[in-house]
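Biologist: I am new to this structure and would like a close look at a single part of it. Could you pick a patch on the surface, start with what the word means, and then lead me outward from there?

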Amino acid sequence: MLTLGGIIRIPFNQMSVEAISIGGMYTCIQIPQLKLIFDIGICPSSAIGQAHVFLTHTHIDHMAGVLRHCSTRELMNMSPPTYYMDPQYIEAFSELMESARRLNHAPMPCTIQAVSPKDSIHIKGKYSVRCFRSIHRIPCIGYAL
């Protein structure tokens, strides 16, 4: 295990899990080799390169980094990110992104993808993310890689 600026890096097979989390403040878990993130309550510089962001739920400590993530990817001419979430959050999330676009005077392109328990999203090679219902005080989706 290695720490870099508060991010803990845990080697796993030929990949690594990079996590930073302070309960109630922020959570961001990255798998850089697969270009994916689970929750983005904070957006460290290392997260900018990850194109797939799976949101467990919409508490601010799990999604506050979305605007920085999306706008920075656009600024750096990277492909638009995809944000995966429970369908019931899509309308409000879309409204948030529209407000950010107006405030930022930029298109901030992204894809917003609904996921439900039992869905499986192919990521790369032999890797997929499976969705399941998770327990929290608001509707929450868990993910298994």
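Modeller: Gladly! A patch here is built from residues that have over 30% relative accessible area and take part in no salt bridge, and nonpolar side chains are joined when they lie within 5 Å. Please keep in mind that this is a predicted model.

With that in hand, look at Leu75, Met76 and Met78. Together they make a nonpolar patch on the surface, with about 320 Å² of accessible area between them. Met78 sits in the loop that runs from helix 2 (66-75) to strand 7 (82-85). Its relative accessibility is 31%, so Met78 counts as partly exposed. The cut-off for joining a patch is over 30%, and Met78 has 31%. While you are in this stretch, find Asn77, just after helix 2, which takes a positive phi of about 55°.

Now step back into helix 2 itself. Here you meet buried residues: Val66, His69, Cys70, Ser71, Thr72 and Arg73. What lies over them? The cover for these buried residues includes strand 5 (36-40), strand 6 (52-54), helix 1 (60-63), strand 7 and helix 3 (90-104).

Several of these covering elements lead on to other places worth a visit. Take strand 6 and helix 1 first: the loop between them holds His59. With a relative accessibility of 18%, His59 counts as buried, because buried means under 20%. Setting aside neighbours within four places in sequence, His59 is in contact with His136, Arg137 and Ile138. Arg102 is another matter: 43 residues from His59 along the chain, its C-alpha atom is separated from that of His59 by 23 Å.

His136 also appears in the lining of the largest pocket, which has a volume of about 170 Å³. Among the other lining residues are Phe38, Thr56, His57 and Ser134. Strand 11 (residues 140-144) gives the most to this lining, with five residues.

Next, follow strand 7 onward to the loop between strand 7 and helix 3. Asp86 forms a salt bridge with Arg133 there, and the closest N and O atoms are 3.0 Å apart. Asp86 belongs to that loop and Arg133 to strand 10 (residues 127-134), so the pair ties together parts that are 47 residues apart in sequence. The two partners differ in cover: Asp86 is buried, with a relative accessible area of 4%, whereas Arg133 is partly exposed at 43%.

Helix 3, another of the covering elements, has a salt bridge of its own. Arg101 pairs with Glu98, and their closest N and O atoms are 2.7 Å apart. These two are three residues apart in helix 3, which means that about one helical turn separates them. Arg101 counts as buried at 18% relative accessibility, while Glu98 is partly exposed at 41%.

To complete the set, the count comes to three salt bridges, and one of them joins Glu18 to Arg9, with the closest N and O atoms 2.9 Å apart. Glu18 is buried, with a relative accessible area of 7%, and Arg9 is partly exposed at 29%.

So that you can find your way back: the walk began at the patch of Leu75, Met76 and Met78, where the loop holding Met78 leads from helix 2 to strand 7.

Conventions. Residues numbered from 1 in each chain as written. Predicted model: local features only at pLDDT ≥ 70, side-chain atom pairs only at ≥ 80, totals over all residues. Heavy atoms only, no water. Patch = residues over 30% accessible without salt bridge, like charges linked within 9 Å, V, L, I, M, F, W, Y side chains within 5 Å. Areas by Shrake-Rupley, 256 points an atom, 1.4 Å probe, with all protein chains shown as cover. Salt bridge = Lys/Arg side-chain N within 4 Å of Asp/Glu carboxyl O. Helix = DSSP H or I, 4+ residues; strand = E, 2+ residues; numbered from the N terminus. Buried < 20%, exposed > 50% of the residue type's maximum accessible area, 1.4 Å probe, protein only. Contact = heavy atoms within 4.5 Å. 1 Å grid on protein atoms, 1.4 Å probe; cavity = no way out; pocket = protein on both sides within 12 Å on 5 of 7 lines; lining within 4 Å. Points joined across faces, edges and corners; volume = space filled by probe spheres on them.
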